[in-house]
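Trainee: Could you take me on a close look at the part of this structure around the ligand, and then show me how the rest of the chain is put together? I would like to follow it step by step.

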Amino acid sequence: METPHTAAATPKMRGPVSQVLHPIRGRLLIAALLAGVGAMLTLVPLAGIAHVAGLVLGDNAITAHEVWRAVGVGVASLCAGMLLISTGELLAHLADNRITHHLRLAIVQRLSRVPLGWFTSRGSGEVKQAMQDDINTLHSLTAHFYTTVGRAVGAIVFSLVYLFVMDWRMAIVSILPFPGFFLFFTRALKASESNMQAFVEGMRRIDNAVVEFVNGIPVVKSFGAVGKAHGSYREAVDAFARAFVGFTRPLVGSMANANAMIAPVAVLGGVLAFGTLFVALGWIAALDVLPFALVTPGLCGPLLLLHYITHDLNNAVGAARRVQALLDTPVLEQPAPGMQQMPRGSEIGFEHVGYCYESAGRGLADINLVLKPGTTTAVVGCSGAGKSTLARLLLRFFDPTQGRITLGGVDLRQIETATLYRHIGFVLQEVRLIHASVHDNIALGRPTATRQQIEDAARTANIHARIVALPRGYDSVVGEDAQFSGGELQRVSIARAVLLDPPVLVLDEATAAADAESEVAIQDALSRFAGGRTLLVIAHRLDTVMHADQIIVLDNGTIHEQGSHGELLARKGLYARLWAQGDYSFSAELAVPSC
Ligand code: ADP
């Protein structure tokens, strides 16, 4: 969406822009210079016309040679000027191509190194905006801003110098409308600047709301809550409309006045009025008004161009800021080369682990826990108790703010990411598939797997039959000819994990999101796959909880109780109370009232 063509920014280059454009700054300056000199040369014919008129209408006798020379210089200057402008534009576009390519690669490289938890706390609209929309917006800055400023400044400088050389008194009165323009222009700037942030924020909210709405359509439909889901989108649109009105209202009057002052006809009128006066006063000859009548109205175009381009600049500064913020996203700490360690076994240890969310404060505190190889640990607790945070820390979605987590005696931070995910697999409720074939989606963590290995993994995950029923079987592309239900998605994600064959598995058990048939298939797949592995389960099912080797009851970010089903019942604490209530599903939501 475009912001209105108003002057809402200062043309001053700000920090993020110079940072983002650093690799191509030299090229852009050369492009601007070429465009500026080119614009000056294209104005030479105007001066030539005034010169020829002076020769023809003047008192001195002239030769055809003099006229042809003036015409020749004019035409040659025009051609050379256009050539220089085109070369400048070409250079700027090549630089734009280069920076766009560079930024897209740099962002992808950066995002591949940020903690996975970073993505869970961000709307996908935000990443999409920076990756696609913002980089496209930067195009107006890189490909057009510098050359446009070069052209406008070149034309203005040439015109002013020429007019002052012709007659400084006439030059001063001819350009009087322009300070008037700047007066109204500055007033418009001030009026809109305070509302600009709200305007940009409103657009960002709409972007996020659209992406979230589209992503959530399946859930919305299944719950028949279409009106509600529209709600956040409608709110975003309403907020944007308010911001838009607040942004444009103070601008309209000032900008109308500013534009009227420098309309070519108004400027020409001023030149002719003052010219007539000066001639009447005998200060200049009537013929000497001609250069002013020809050149001064030509100043309006470049000035308006500068005005419009500041609007683009404002958008581009916002875009550059968001792109730079993405490029500055903190990455997951990696062991220094040569300092990586291999886990010695698959025992997991949480040692005084704590985690604080930046926005919400404490997530977990002082967690001490050992997951012996081959055992199952069920984590239960109320909503917000910290179950997902515990699981995500083990998966290094982010690192603990206190203490450490070890795998086979080695701090997770000392293990290379690829090695870590070969040892710890996960099946979470939110499954993300990429726009690629089903084959590639299953082989995501092990791209060298053979078709046979992938099919075996899919069989273990109870999804093989569904895949072969797709139009192109394993080659069907997700989102095109492969559409999966929630339960099927989970089984694809199980197949992914099966293929990696990790000794440790983190599992967020399926809840009611999957239909009954799917749930049976999922449980069947998991029980086959999980056997013999070290399991950490966010448990929602009675049999998982009862038969777990240890149960961790989390409350308010700490371990409230810990033990086997029998031990916890005997302790007569929170777990026993929940059990006595018959609330044995221990699903987060159901446990809430008792906590
Ligand atoms: P559970 O899985 O038991 O429902 P979580 O681990 O999701 O609990 O949340 C634990 C606490 O951390 C809650 O208070 C929750 O509000 C907070 N929290 C979880 N995720 C985030 C996040 N991305 N940003 C800020 N706070 C969060």
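Mentor: Happy to! The ligand has 12 residues around it, and those that come nearest are Gly384, Gly386, Lys387, Ser388 and Thr389. Please keep in mind as we go that this is a predicted model.

Let's stay with the ligand and look at its contacts with the backbone. A backbone N or O atom of Gly384 lies 2.7 Å from one of the ligand's oxygen atoms. Ala385 also offers a polar backbone atom, which is 3.2 Å from an oxygen atom of the ligand. For Cys382, the distance from a polar backbone atom to a ligand oxygen is 3.5 Å. On its own, the ligand has 560 Å² of accessible area, and the protein covers 69% of that.

What kinds of residues make up this shell? Sorted by class, there are four nonpolar, seven polar and one charged residues around the ligand. The element that gives the most to the shell is helix α13, residues 387-394, with three residues.

That helix deserves a closer look of its own. Six of the eight residues of α13 are buried, so the helix is largely enclosed by the rest of the structure. The buried ones are Lys387, Thr389, Leu390, Ala391, Leu393 and Leu394. Two names here should sound familiar: Lys387 and Thr389 are among the residues that come nearest to the ligand, and both are buried in α13. After α13 comes Arg396, which has a positive phi, near 55°.

Now let's move away from the ligand and turn to charged pairs. Side chains of opposite charge can pair when their charged atoms come close. In this model the count comes to 14 salt bridges. A good one to begin with joins Arg322 and Asp134, whose closest N and O atoms are 2.8 Å apart. This pair links distant parts of the chain, since Arg322 sits in helix α12 (residues 300-327) and Asp134 in helix α5, 188 residues apart. Are the two partners buried or exposed? Arg322 is partly exposed, because its relative accessible area is 25%, while Asp134 counts as buried because its value is 2%. The cut-off for buried is under 20% relative accessible area.

Another salt bridge brings together the side chains of Arg169 and Asp167, at 3.5 Å from N to O. Here Arg169 counts as partly exposed, with 29% relative accessibility, and Asp167 is buried, at 11%.

For a pair within one helix, turn to Arg204 and Glu201, whose side chains meet in a salt bridge at 2.9 Å, N to O. They are three residues apart in helix α7 (residues 177-215), so about one helical turn separates them. Both are partly exposed: Arg204 has a relative accessible area of 23%, and Glu201 has 33%. Elsewhere, Glu455, Asp456 and Arg459 are joined into one network by salt bridges that share partners.

We can now go back to helix α5, which we met through Asp134. This helix covers residues 124-166, and Val153 lies in it. On the surface, Val153 belongs to a nonpolar patch together with Val157, Val161, Val165 and Met166. Together these residues have about 420 Å² of accessible area. Val153 itself is partly exposed, because its relative accessible area is 40%.

Ile156 is also in helix α5, and it gives you a useful contrast. Whereas Val153 is partly exposed, Ile156 counts as buried because its relative accessibility is 16%. Ile156 also shows how parts of the chain that are apart in sequence can be compared in space: its C-alpha atom and that of Thr296 are separated by 9.5 Å, although the two residues are 140 residues apart along the chain.

Our last stop is Thr100, in helix α3 (residues 64-111). Thr100 counts as buried because its relative accessibility is 16%. What does its side chain reach? The side chain of Thr100 meets the backbone oxygen of Asp96, at 2.7 Å.

Technical notes
Residues are numbered from 1 along each chain as its sequence is written. This is a predicted model: local features need pLDDT of at least 70, side-chain atom pairs count only at pLDDT 80 or more; totals for chains, interfaces and linings use all residues. Side-chain values use heavy atoms; hydrogens and water are left out. Patches are made of residues with over 30% relative accessible area and no salt bridge: like charges are joined within 9 Å, nonpolar side chains (Val, Leu, Ile, Met, Phe, Trp, Tyr) within 5 Å. Accessible areas come from the Shrake-Rupley method with a 1.4 Å probe; for residues, only the protein chains shown count as cover. A salt bridge is a side-chain nitrogen of Lys or Arg within 4 Å of a carboxyl oxygen of Asp or Glu. Helices (H or I, at least four residues) and strands (E, at least two) are DSSP runs, numbered from the N terminus. Buried means under 20% relative accessible area, exposed over 50%, partly exposed in between (1.4 Å probe, protein chains only). A polar contact is a pair of N or O atoms within 3.5 Å; within protein, one must be able to donate a hydrogen and the other to accept it, and residues adjacent in sequence count only if both atoms are side-chain atoms. A residue is near a molecule or strand if one of its heavy atoms lies within 4 Å of it. Ala, Val, Leu, Ile, Met, Phe, Trp, Tyr, Cys and Pro count as nonpolar, Asp, Glu, Lys and Arg as charged, and the others, Gly among them, as polar.
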